[in-house]
Amino acid sequence: ASFILGVPPALMRKQPLHSFLDVPRRSSWEQLMGPFKRGALKSRTSPKISPLRAFTAHMTDGTTTRVLLQGVQTQEGSRSHVHVLIRADTSAPVQRPDLMEALGLREVAGAGSRADLEGGDAPSTSS
């Protein structure tokens, strides 16, 4: 997930989902994903699996991308844990990141618009 979101793995541990995804604060996993369903093995200790859902994620460079989330709820003694699987939604269109903006170099380099840097068809200011 850290490659998808552009965040180091150590900074992602035990963080709320709303810091990475476009989801409401203080919402439970069941409110976001719906009820868990038991896996194929119908025992009390078997993990429960949530449905696969798509969300908008905010990248560190300011762009957004769609990700697919699925959770597995496990029981360890009296505590339950949700392990989250995050995958890139490859069917969604991808925004091209503005590398100069992400690195904070746009003002330092004195660059004009993004089209100027990419050699695009920016309007000419000379007469």
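Is Arg 66 buried, exposed or partly exposed, and what is its relative accessible area? I looked this up and found Arg 66 partly exposed, at 39% relative accessible area. The cut-offs I used are under 20% for buried, over 50% for exposed and in between for partly exposed, with a 1.4 Å probe and protein chains only.

Before going on, I noted that the model is predicted, that local features need pLDDT of at least 70 and side-chain atom pairs pLDDT 80 or more, and that totals for chains, interfaces and linings use all residues. Residues are numbered from 1 along each chain as its sequence is written, and side-chain values use heavy atoms, with hydrogens and water left out.

Next I looked for salt bridges (a side-chain nitrogen of Lys or Arg within 4 Å of a carboxyl oxygen of Asp or Glu). I counted one salt bridge. It joins the side chains of Arg 66 and Asp 89, at 2.8 Å from N to O. Arg 66 sits in strand 4 (residues 64-76) and Asp 89 in the loop between strand 5 (79-88) and helix 4 (99-102), so the pair ties together parts 23 residues apart in sequence. Helices (H or I, at least four residues) and strands (E, at least two) are DSSP runs numbered from the N terminus. I found Asp 89 buried, at 9% relative accessibility.

My last entry concerns the lining of the largest pocket. I split its residues into 13 nonpolar, seven polar and four charged. Here Ala, Val, Leu, Ile, Met, Phe, Trp, Tyr, Cys and Pro count as nonpolar, Asp, Glu, Lys and Arg as charged, and the others, Gly among them, as polar. Strand 5 gives the most to this lining, with five residues. A pocket is an open set of points on a 1 Å grid over the protein atoms alone, where a 1.4 Å probe fits, with protein on both sides within 12 Å along at least five of seven lines; lining residues have an atom within 4 Å of a point.
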